[in-house]
Amino acid sequence: MTQTIETPVVQDHKQQSQEAKRVTYIGAWLDALLSIVKVTIGFMVGSAALIADGIHSLSDLVTDGFVLAAIHYGRQEPDKDHHYGHGRIETLTTLLLGSVLIFVAGGIAWSSLARLFSGAEVNAPGLLAIVITVIALFSKEWIFRYTMRVAKRVKSRLLEANAWHSRSDALSTAVVLVALVGAQFGLGWLDAVAAIIVGLLVGKVGLDLLWESARELVDTALPLDVQNQMHDVACSIPGVDSVHDLRTRQSAGWVMVDLHVVVGPKITVSEAHEIGNEVSRRLRHEFPALTDVIFHVDPEDDAGAGDPSRLPGLPLRPEVEDALNKRWYKHPVWRTLNELQLHYLDDKVSVSLIIDDAVNQPPQCLASQLKSLASDIEWLGHVEVMFITRAASSSMR
C-alpha cells in the first residue's frame, strides 16, 4: 500500500509569506530612497561612479518586485494544478537572481577595467558625497543581514538570493566609497582595482545561487548522511523490519521523502498502515523541514527488484477463487470455508483457509490434500488450513 502524509510545517505558510514580504517591502523602500539620493548627489558633485551606483540600487528595486511576486505565488498552498505546491516558482526566481548577480558582476568588472586602462581622471567629490555613500553602505549591509535572518527563519532560498543581491549593492557602494575617497586624495585608480575584486566576489555568489537552484530543479537528493539518518529513524519504529528505496528531493527549502517500509507479511492492513503512519510522524519530528512523506508498505524486502508495474503480475482474488474452486469444490474444507486469506509472497500466492471445526482431520493433512489437488497451478504457494471453533466464531460475531 502507498500512503501520503502531509505534515504541518514549523510555521504556517501564510505567516512565513507575510514575514518574507515585510522584509522585501522594507528593502524595496530603502532601494528607492537610496537610488534617488545617490543619483541626485552624483549629479550635484559630478560623480559618475555615484550615479552608476544609484542606477544599481534602482535595479535592486526591480528585483524586489520579482521577489514579491515569487513569494506571493510560490508560497501558495497546493491546488488542483500544482499538487506539490508552488515552491518551484521561488526556485526559478532564485535562478533568475543568480543570473542577475553574474551580469552585475560582469558589468562592474568590465567598466572598472575600462576605467583602469583608460586612465580617466575622477574629480574630488567633496565631503557630502562621501558621507552619503557611507550611510548607503551601512544601510545596504543592514538590509542584507536582516533579510538573511528572515530567509534562514522561513527557509527561503529566494530571500537568501535577494539578500546577497543587497550585499552586492553594498559591495559596489564600498567600491564607490573607495573611489570617492581616493579621488579626494588624487588616487582615482583605486576605484577600478577595488571594483574588479568586488565583481569577482559578486560573480561567485551568483554562480553559487545558480548551482544550488539548478540542483533543486533536477531533484538532487539530500546529502547521504541525512538520508542515512532518515533511514535509521524509520527502522527504529516497532513493527518495521527494514526500509529500502528511500528517496528525497527539495522544493524552496522544504523536503519531500518517499520510502518503502517492510513489515510482517501476515499482519493486518490497518496495522501495517498505522506502522507507516508512525514512521511519518517520527520523521516529521526529527526533520522539521519535511513537508510531506510518501510511504509504501511491503510484506517482504523487494529492494532492487525493479518497478512491479513492469513485471508479470500474480492473479487477484476473483481469479484465485475461481481456479481453486475448480479443483477443490468437492473437498469438505472448501465446502465449510469460513474465510480465505491470500498472501502474495516470494512471487507466489499462498492461501490460508479458515474453516469450521466440523472437519475431523488434522489441518496439516487437509492442507497436503488441497496442495495435491492444485499441483498444476504454478502460482500457488504454501497452503495452510486453520480451524475456528463454533464458540469462538459466535463470540467473535
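In this predicted model, C235 counts as partly exposed, its relative accessibility being 29%. C365 likewise counts as partly exposed, at 34% relative accessibility, and a search of the whole structure finds 0 disulfides. The points below take up the salt bridges, then helix 4, and then helix 11.

**Salt bridges between distant parts of the chain**

- Across the whole structure, the search for salt bridges returns 11, and one of these joins D31 to K140, with the closest N and O atoms 2.4 Å apart.
- The D31 and K140 pair links distant parts of the chain, since D31 belongs to helix 1 (residues 13-45) while K140 belongs to helix 4, a separation of 109 residues.
- Are the two partners of this bridge buried or exposed? Both D31 and K140 are buried.
- Another salt bridge is formed by E384 and K266, whose closest N and O atoms are 3.6 Å apart.
- This pair also links distant parts of the chain, with E384 in strand 7 and K266 in the loop between strand 3 (254-262) and helix 8 (269-286), 118 residues apart.
- E384 counts as partly exposed because its relative accessibility is 25%, and K266 is partly exposed as well, with a relative accessible area of 49%.

**A salt-bridge network with members in helix 8**

- R281 forms a salt bridge with E278, and the closest N and O atoms of the two side chains are 3.1 Å apart.
- Both of these residues lie in helix 8, where R281 and E278 are 3 residues apart, which is about one turn of the helix.
- R281 has a relative accessible area of 35% and is therefore partly exposed, and E278, with a relative accessible area of 26%, is partly exposed too.
- The bridge between R281 and E278 belongs to a wider arrangement, in that E274, E278, R281 and R282 are linked in a network of salt bridges.

**Helix 4: an exposed and a buried residue**

- L127 lies in helix 4, which runs over residues 127-154, and L127 is exposed, with a relative accessible area of 65%.
- Together with V131 and I135, L127 makes a nonpolar surface patch of about 290 Å².
- T133 is also found in helix 4, but this residue is buried, with a relative accessible area of 1%.
- Which residues are in contact with T133 once its neighbours within four places in sequence are left aside? The contacts of T133 are then L50, T173, V176, L177 and L180.
- K140, the helix 4 partner of D31, is another buried residue of this helix.

**Helix 11: a buried side and an exposed side**

- The buried residues of helix 11, which spans residues 363-373, are L366, A367 and L370.
- These three residues lie on the same side of helix 11, because the arc they cover around the axis is only 100°.
- On the other side of helix 11, Q364 and S372 are exposed.
- What covers the buried residues of helix 11? The cover includes two helices, helix 9 (317-328) and helix 10 (332-335), as well as strand 6 (348-356) and strand 7 (380-388).
- Strand 7, which is part of the cover over the buried residues of helix 11, is also the strand that holds E384, the salt-bridge partner of K266.

Notes. Residues numbered from 1 in each chain as written. Predicted model: local features only at pLDDT ≥ 70, side-chain atom pairs only at ≥ 80, totals over all residues. Heavy atoms only, no water. Disulfide = S-S within 2.5 Å. Buried < 20%, exposed > 50% of the residue type's maximum accessible area, 1.4 Å probe, protein only. Patch = residues over 30% accessible without salt bridge, like charges linked within 9 Å, V, L, I, M, F, W, Y side chains within 5 Å. Areas by Shrake-Rupley, 256 points an atom, 1.4 Å probe, with all protein chains shown as cover. Salt bridge = Lys/Arg side-chain N within 4 Å of Asp/Glu carboxyl O. Helix = DSSP H or I, 4+ residues; strand = E, 2+ residues; numbered from the N terminus. Arc of directions from axis to C-beta. Contact = heavy atoms within 4.5 Å.
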